[in-house]
Every structure is written in structure tokens, then in C-alpha cells.
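Me: I would like a close look at one part of this protein, its nonpolar core. Please explain the terms as you go.

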Amino acid sequence: MSVVNKTTIKEQVYNVIKHKILHQEYQLGEKINIDALAGELQVSNSPIREALMLLARDGLIVSIPNNGVKVISFTEQSFVEIAQTICALLRGGYLLCLELGKTDEIVKHMERHITLQHNALECHNFHELVQQSILFDKSIISASQNKYFLSTYERIEDVFYLMILHNNQHGLRDCQKSIEEHQMILHNIKQNNVNDVLRWLSIHYDKHFIKK
């Protein structure tokens, strides 16, 4: 029996470009050459332009009048605002989970992802470590089972991923510090130390832009 591939060309192109951005094949601020990409993927310009519109919606690219399309770059202000937004979502999600009696579910997911962070650190797999770090934080949002919290978080999740990649100037060494902060967040959730959980979330997201 044949399986019908329902993925459109636009969606396939979207996934290819997104992969290139998240895996730093396109650098922050780099211009995307539509004609060259069309030649590489052997498609017309139309699905590429449609895919770029979706990526602009995701916040991964920006369209600059008379200068084409570029991968996003960060400023001090945008960097701080992203960190503040993520922190506010996690603090609100945690308090909601506390109210709903779902902190045990947070702990279950966090323990899994912190173990996977340690494994990635031992294997020097930087990208996997960053992914597991984000999933650790997302445990709070997922446990809340609030679809509006989740959709809001997921809209900026990829931008957040790029932000972490940019700001880990020392790579795995910076990730070790992040794991230690995660351990403190997890410990205090287990101990039901509400104020300390909120404090460590704020510490964890007290991020500043590093110029390179």
C-alpha cells in the first residue's frame, strides 16, 4: 500500500531553512539568497518566499526593505526582553502548577531532562545539551497543561534556542553553570520552597547580551 506524502513543498522548504538557521549553517544576521537557495533545493522562488513568511512569523528571520531577508540578530534590548518573557512564563506556569497540584509532574520531567543534560555534557554534544536545557525549562509549561501557556512559549522557543547558542561563549563550560542552576530549581521544587524556586528562575534568566 502506497503512503501519500501530504507535506507541501512550502513545508519542506520551511523545514530545510529552519534546520539551517538552528544548526548555524546560516549565521545570525546573514542574508538569505533566495535565488541560490532555489537552485540548491531545485524549486521555484514561490515556495521559498512562502516558507520565509512562516519563518518571519516564527521570529527567525527579518525582511529589510531594499536589503532582502536576513536571519535575526540580537541587540541588548531584544536579548533581555526574550529572557524576561521566558522567565515570566515559567514563573507563572510554576505557580499555576502549584495551584493545580502538578509539581510532581514537573519533577518527573525535569529529572529526566537533567539526566540527559549530564549525558550530553559527558559526550561534549553541545547542541543536544542546549535542547535538553530548553526541555528542562519547558517541563513547567508542559506540566501546566495550559494550551495558551504552551502556544505562547513555543512561539519563541526557536528564538530562545538561538539566543542560548549565541550567549554560550564558552560552550560546554557555560552549560555546566546552567545545569547547576537547574539543579537548584529542581531541588527547591521538590522541597516546595516556592520563593526559592521563583528566585532561582530569576537568577537563571538574568541573561545579558554578549558581543562577539
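Reply: Read from the start of the sequence, the elements run α-β-α-α-β-β-α-α-α-α-α-α. That comes to 9 helices and 3 strands, where helices (H or I, at least four residues) and strands (E, at least two) are DSSP runs numbered from the N terminus. This is a predicted model, in which local features need pLDDT of at least 70 and side-chain atom pairs count only at pLDDT 80 or more, while totals for chains, interfaces and linings use all residues. Residues are numbered from 1 along each chain as its sequence is written, and side-chain values use heavy atoms, with hydrogens and water left out.

Now the core. A nonpolar core is a set of buried Ala, Val, Leu, Ile, Met, Phe, Trp, Tyr and Cys residues joined through side-chain atoms within 4.5 Å. Buried means under 20% relative accessible area, with a 1.4 Å probe and protein chains only. The largest such core has 61 residues, and I17 and L52 touch the most other members. Helix α4 (residues 76–100) gives the largest share of this core, 9 residues.

Take L52 more closely. Apart from its neighbours within four places in sequence, L52 is in contact (heavy atoms within 4.5 Å) with I17, I32, I34, I61 and V69. In soluble globular proteins, nonpolar side chains tend to be buried together.

The whole protein gives the setting. Of its 212 residues, 42% count as buried. Among contacts with a separation of 6 or more, 72% join residues 24 or more positions apart.

Terms used:
Buried < 20%, exposed > 50% of the residue type's maximum accessible area, 1.4 Å probe, protein only.
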